[in-house]
Amino acid sequence: MEISTHLPFFILLLLGLSFVGNSLEQISRGLFPDGFLFGTASSSYQFEGAILEDGKSLSNWDIFSHKPGNIKSGENGDIADDHYHLYMDDIELMHSLGVNSYRFSISWARILPGGRTGDINPAGIMFYNKLIDALLLRGIHPFVTLNHFDIPQVLEDRYGSWLSSQMQEEFVYFAEICFRELGDRVKLWATFNEPNVVAKYGYLMGTYPPGRCSAPFGNCSDGNSDIEPFVAAHNIILSHAKAVYNYRKHYQSKQGGRIGIVVHAVMYEPLKEEEADQKAAERAHAFFVAWFLDPFFYGDYPSEMRRILGHRLPIFSAEESKKLKHGPDFIGVNH
């Protein structure tokens, strides 16, 4: 599998049909270069099920989704698509579609039910080993996301989730286990999927775990929307940087993989061609996308955020900025 070494490179997941004018044209693989990845994607909580099976502990989403009023439909991911039991059937479906990559996330609570102070769960490691081996047998490249929103509930109880700098060491330890146990076959790693969404909806709006917010953004029992989203984001960004540093130092050269991060991105355009509107669009971009990307290229947050937030925005030390500016091997964009 050839992977570009340019920084950053982008992985695009495309549908097989496109609209050109008023006509519908079929897209063939011949239109794309060798090594282009056509894939499917999932997240552990939304897909696996098996909520407490084979040693897995409860995740923050397991707890959050069972609290009345948190999920509009009252549903939860206890069973979801039952991928934990039906993964071979799912792989056959993917193979029948002709895709050559599958991006999935690892359930942190399935690997480390009690966090880094507890034992590694061998059944959790075995599940992902079997999944990866089965994918490769079908010619499907595993693209592994280390964290797609869900964390062990024990860490939320212990630290207040991403509000504590201790979460950085928890994540680095979790990532280390995944690199060591799975990295001989995984050539594409994403540290986090949409961390900007976690910060916004978990700590600003309060509609995702841990459900923290304050007025006027939401009506949560706890939280401070003026400060906590930026603290949580800071710990996630540094967790990424430390995990990337560890991967490059100990695993990348011998395993031959690439590691990056995936953000949620939307397009902001000024309502009118006026300076105030243009600056508003720039601020919106800075506070949602550049918030998580600027540190990886410039070693700091966007200047707009520094100017507006002042002391509410955490500071990177000189050593942290140095590690951040090594940058990810790729940037993934969910758009």
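**Core, strands and disulfide of a predicted model**

In this predicted model, the largest nonpolar core holds 74 residues, and the members that touch the most others are Phe-104, Ile-106, Trp-108, Trp-162, Phe-171, Phe-174 and Trp-189. Such a core is a set of buried Ala, Val, Leu, Ile, Met, Phe, Trp, Tyr and Cys residues joined through side-chain atoms within 4.5 Å, where buried means under 20% relative accessible area, exposed over 50%, and partly exposed in between, for a 1.4 Å probe and protein chains only. Because the model is predicted, local features need pLDDT of at least 70 and side-chain atom pairs count only at pLDDT 80 or more, while totals for chains, interfaces and linings use all residues. Residues are numbered from 1 along each chain as its sequence is written, and side-chain values use heavy atoms, with hydrogens and water left out.

**Nonpolar cores**

- Helix 9 (residues 228-250) gives the most to the largest core, with 10 residues; helices (H or I, at least four residues) and strands (E, at least two) are DSSP runs numbered from the N terminus.
- Apart from the largest core lies another core, of six residues, including Leu-37, Leu-188, Val-262 and Phe-330.

**Trp-189 and the strands**

- Leaving aside neighbours within four places in sequence, Trp-189 is in contact (heavy atoms within 4.5 Å) with residues that include Phe-143, Cys-178, Tyr-247, Arg-258, Ile-259, Gly-260 and Phe-330.
- Of these partners, Cys-178 is buried, with a relative accessible area of 1%, and Ile-259 is the bridge partner of Trp-189 in strand 7.
- Strand 6 and strand 7 run parallel and are joined by four bridges; two strands pair if DSSP finds at least two bridges between them.
- Strand 7 also pairs in the parallel sense with strand 8 (residues 330-334), over five bridges, and in strand 8 the bridge partner of Gly-260 is Phe-330.
- Strand 7 is mostly covered, since six of its seven residues are buried.

**Helix 8**

- Helix 8 (residues 195-203) is likewise mostly covered, with seven of its nine residues buried, namely Pro-195, Asn-196, Val-197, Val-198, Ala-199, Gly-202 and Tyr-203.
- These buried residues pack against strand 6 (188-193), helix 9, strand 7 (258-264) and helix 11 (275-298).

**Disulfide**

- One disulfide is counted, taking a disulfide as a pair of cysteine sulfur atoms within 2.5 Å.
- Cys-213 and Cys-220 form this disulfide, with their sulfur atoms 1.9 Å apart, and Cys-213 is buried, with a relative accessible area of 1%.
- The torsion about the S-S bond of Cys-213 and Cys-220 is about 105°, and therefore the disulfide is right-handed.
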